[in-house]
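The following exercises concern the structure shown below. Each task is followed by a solution in steps.

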Amino acid sequence: MAASPVRVLVAGCGHMGMSHAKAYHTLAGFRIVGVVSRGEKSRRALLDALGADYPQYSDYHEALVATSPDAVSINTYPDTHAEYAKAAFAAGCHVFLEKPLAVTVAEAEEVAAAARAAGKKLVVGYILRVHPTWKRFIETAHGLGRPLVMRMNLNQQSSGEKWQTHKALMQSMSPIVDCGVHYVDVMCQMTRSRPVRVSAIGARLSDELVPGMYNYGCLHVTFADGSVGWYEAGWGPMLSETAFFVKDVVGPKGSVSITGVREGEAGSDDIEGHTKAAMLKLHHAQLTPAGSFARSDEFLDCAGEPDHDGLCLLEQEMFLDAIRHDRDLTDHVDDAVNSLRIVLAADEAFRTGTTVTLG
């Protein structure tokens, strides 16, 4: 007998909420029981995109009671994540939670503890973890020796509605925190080493931001094995689109880079381009006795990789599998807390002008 579909409440009807809702609408293992957003316009846009008419709610807590779901998909602004997740666990639900896990380490640890206490699954939306090219990127980095030098950025020149969205996100956190969790998590997977200290620089480039917020930052992290990494992120109409996408790792044996994202082909705020990779370029450092390179560079084709909606579908297949087969997600959740701890340490380093040592 086939298992009953997992009844899911979708909270947040923006870009990520819509992509995840498409996955739930497509997968036979899920059934949407409601969509939640404060704005009727965003709810209507999501339902129109699905070609469906699921129940609508403007208040999350009312929807949680009214629909009594098996699972909740939280795709709202970061400052609601911890509150909404803890309420879902208290209601006996599994939770898919968009990154970051929370806005403080303490809140993130509370969410993780709530999942354990409820005996429910918590999957955090680290989309790069299901991306076949990024998984290959990480695997290839493991063959470069130690230490590693990891260079990554994602700057987004935004205007109009996208700048409004960025300003809303910056009500609670800076770009190096909100986006940085993805790439710091990648660095941790590449090194498999403990981060020991973090520093950062930043700048406030707009008077439209809330007091104390900055929209450009660059963090630096050092690992116990001597590996180092930097991540740069900026949002706003003033950002340059020159070299806005760098994903590059260097080790004693050579380097591997994501290539094929060409400036001018798509704007830096195009979310499809944030995960795209035309190919991986693998460079070998070995030299001949004459001093020339012993091996030519290799180009590893990434043709056929999923688009953004396809990646969200993979995430929801993982979520469904975790629920159906009672997968142990301890490492997954611990990694999400750890990457948040690192980027928040970078935020502290910028604000205090000091290097933060991690315990």
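**Exercise 1.** Leaving aside neighbours within four places in sequence, determine which residues are in contact with Ala349.

*Solution.* Step 1: contact is taken as heavy atoms within 4.5 Å. With neighbours within four places in sequence set aside, Ala349 is in contact with Val198, Ser199, Ala200, Thr354 and Val356. The model is a predicted one, in which local features need pLDDT of at least 70, side-chain atom pairs count only at pLDDT 80 or more, and totals for chains, interfaces and linings use all residues. Residues are numbered from 1 along each chain as its sequence is written, and side-chain values use heavy atoms, with hydrogens and water left out.

Step 2: place the residue. Ala349 belongs to helix α11 (residues 330-352); helices (H or I, at least four residues) and strands (E, at least two) are DSSP runs, numbered from the N terminus.

Step 3: compare sequence and space. Ser199 lies 150 residues from Ala349 along the chain, yet their C-alpha atoms are separated by 5.2 Å.

Step 4: assess accessibility. Ala349 has a relative accessible area of 1% and is therefore buried (under 20% relative accessible area; exposed is over 50%, partly exposed in between; 1.4 Å probe, protein chains only).

**Exercise 2.** Describe the salt bridges of Arg151 and Lys167, and state where their partners lie.

*Solution.* Step 1: a salt bridge requires a side-chain nitrogen of Lys or Arg within 4 Å of a carboxyl oxygen of Asp or Glu. The structure holds 16 of them.

Step 2: the side chains of Arg151 and Asp248 form one, at 2.5 Å from N to O. Arg151 is in strand β7 (residues 149-157) and Asp248 in strand β11 (residues 245-251), 97 residues apart, so distant parts of the chain are linked. Arg151 is partly exposed at 35%, whereas Asp248 is buried at 9%.

Step 3: Lys167 pairs with Glu208, the closest N and O atoms also being 2.5 Å apart. Here helix α7 (residues 160-169), which holds Lys167, is linked to the loop between β8 (195-203) and β9 (216-223), which holds Glu208. Lys167 is buried, with 17% relative accessibility, and Glu208 is partly exposed, with 48%.

**Exercise 3.** Give the strand order of the open sheet of nine strands, and identify the strands at its edges.

*Solution.* Step 1: two strands pair if DSSP finds at least two bridges between them. The order is β14-β13-β12-β11-β7-β10-β9-β8-β15, with mixed pairing.

Step 2: β14 and β15 (356-357) stand at the edges; each has a single partner strand, so one side of each is left without a neighbour in the sheet.

Step 3: examine one pair. β13 and β14 run antiparallel and are joined by four bridges. Leu280 stands opposite Leu300 in β14.

Step 4: consider a side-chain link. Lys281 and Asp297 meet in a salt bridge of 3.8 Å, N to O. Lys281 is in strand β13 (residues 279-284), and Asp297 is in the loop between β13 and β14 (298-301).

**Exercise 4.** Identify the residues that line the largest cavity, and sort them by class.

*Solution.* Step 1: the lining consists of Val123, Val124, Tyr126, Arg129, Val130, Glu315, Met318 and His332.

Step 2: β6 (122-125) and α10 (308-325) each supply at least two of these residues.

Step 3: by class, the lining has five nonpolar, one polar and two charged residues. Ala, Val, Leu, Ile, Met, Phe, Trp, Tyr, Cys and Pro count as nonpolar, Asp, Glu, Lys and Arg as charged, and the others, Gly among them, as polar.

Step 4: on a 1 Å grid over the protein atoms alone, a cavity is a set of points where a 1.4 Å probe fits but cannot get out, and lining residues have an atom within 4 Å of a point.

Technical notes
1 Å grid on protein atoms, 1.4 Å probe; cavity = no way out; pocket = protein on both sides within 12 Å on 5 of 7 lines; lining within 4 Å.
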